[in-house]
There are 2 protein chains.
Amino acid sequence: MVGQAIGTKLVQAGNHVTMGSRSASNESALAWAAPLGERATCATFAGAAAAGEIAFDCTSGAHSVRVLGAVEPDLRGKILIHVGNPLDFSRGMPPSLTVCNTDSLGEQAQRALPATHVVKALNTMNCDVMVDPALVPGDHHLFLCGNDARAKASVTRHLHEWFGWKPANVIDLGDITASRGMEMILPLWLRIWQVLGDAHFNVRVMHGG
Amino acid sequence: MVGQAIGTKLVQAGNHVTMGSRSASNESALAWAAPLGERATCATFAGAAAAGEIAFDCTSGAHSVRVLGAVEPDLRGKILIHVGNPLDFSRGMPPSLTVCNTDSLGEQAQRALPATHVVKALNTMNCDVMVDPALVPGDHHLFLCGNDARAKASVTRHLHEWFGWKPANVIDLGDITASRGMEMILPLWLRIWQVLGDAHFNVRVMHGG
């Protein structure tokens, strides 16, 4: 769902998008690509990793690191925007996290991809809001982190160009270890979602200056 | 620091406050009480628990449950506002949490105090902001949770009366298990603090409606 929301918006913004799945003939991926024209194609994870200049990891938390490790050579020197969260629904609701506190999925991704610039971003909100921040009125914030300043600057520019995120509303939290905090907000996010009954919300950091 | 900030504001709001410590002659507690007049007194933890109608737990995370268990009889039938966070600084910076994900300090407190209405609140912000929300301009939110609706309503009224929190800016996240999310925001909070260089901030939940 997240990958398709992002992929659709990227195609609409003029990009060529290759949706990676376990199989190049994944039915859901083919159904996603069909109405979008020739700029949307489907491939295996390896095929998508090889095709892209910039990769998004929207795989579910339990599978993310294994998938990334398998396509490591294809991602060298590239930027990977890590969107996934380590949610574990196997023990019922509310989900717990498969990793937190002293490690994170973002850090695991960076360790699995030592020659890739992993930027954790977008994971703290619903996918509709990721690609259309105007769904939530007013200014609100997108957090990101990563070890490479140029990669973060590039992602910030692209998030503006593709999705309309004002650079002033992007908060750079530092190196990739900040993924811990970005992923650990999920339990609070899920509770706020329950209270509001609607996933179209986000947080704004209010500051006395 | 948190207990003294809250205690001072409570005294200024006209309440009698007993500051509990391991010893009734704790120097820091006595120094806190001295300039505040007769409404501020010091006692052991048990003495403070017995004296109060409403208790605040501002002990550090590593000690909270042990202290509460020792004063359990004195807190029966009362409201305990649980402010502490399970921060562990013993392994250096950034701190990790001593409990998270499938349990929380707020839940541990409720289990240690089965006859007390534990309300988790205020832990998601700096203590100056807890007692003076106007330090952060505009509307911003205070989360709370707990198993007893009347206790939460009472706390909401008191937070307005004592500290100036508008009831409309208080978000009730449900039962005490929401303490997990409220405590797990700490790693993100600490990163935002580093970025801003100032603890006088808070989050506002922005909602598309």
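Two exercises on the contact between chain A and chain B of a predicted model follow.

Residues are numbered from 1 along each chain as its sequence is written, and chains are lettered from A in the order in which they are written. Local features need pLDDT of at least 70 and side-chain atom pairs pLDDT 80 or more, while totals for chains, interfaces and linings use all residues; side-chain values use heavy atoms, without hydrogens and water.

**Exercise 1.** State how many residues each chain gives to the contact, and how much area is buried.

Solution.
Step 1. With contact taken as heavy atoms within 4.5 Å, chain A gives 41 residues and chain B 41 residues.
Step 2. About 3200 Å² is buried between the chains, 66% of it on carbon and sulfur atoms; buried area is the accessible area (1.4 Å probe) lost on putting two parts together, summed over both.
Step 3. On the chain B side, the residues that lose the most area to chain A are Leu188(B), Arg191(B) and Met206(B), together 21% of what that side buries.

**Exercise 2.** Find the salt bridges between the chains and describe how β10 of chain A pairs with β10(B).

Solution.
Step 1. A salt bridge needs a side-chain nitrogen of Lys or Arg within 4 Å of a carboxyl oxygen of Asp or Glu; two join chain B and chain A.
Step 2. One of them links Arg191(A) to Asp175(B), with the closest N and O atoms 3.2 Å apart.
Step 3. Strands are DSSP runs (E, at least two residues), numbered from the N terminus, and two of them pair if DSSP finds at least two bridges between them.
Step 4. Strand β10 of chain A (residues 201-207) runs antiparallel to β10(B), joined by seven bridges; among them, Met206(A) has Asn202(B) as its bridge partner.

Conventions:
Helix = DSSP H or I, 4+ residues; strand = E, 2+ residues; numbered from the N terminus.
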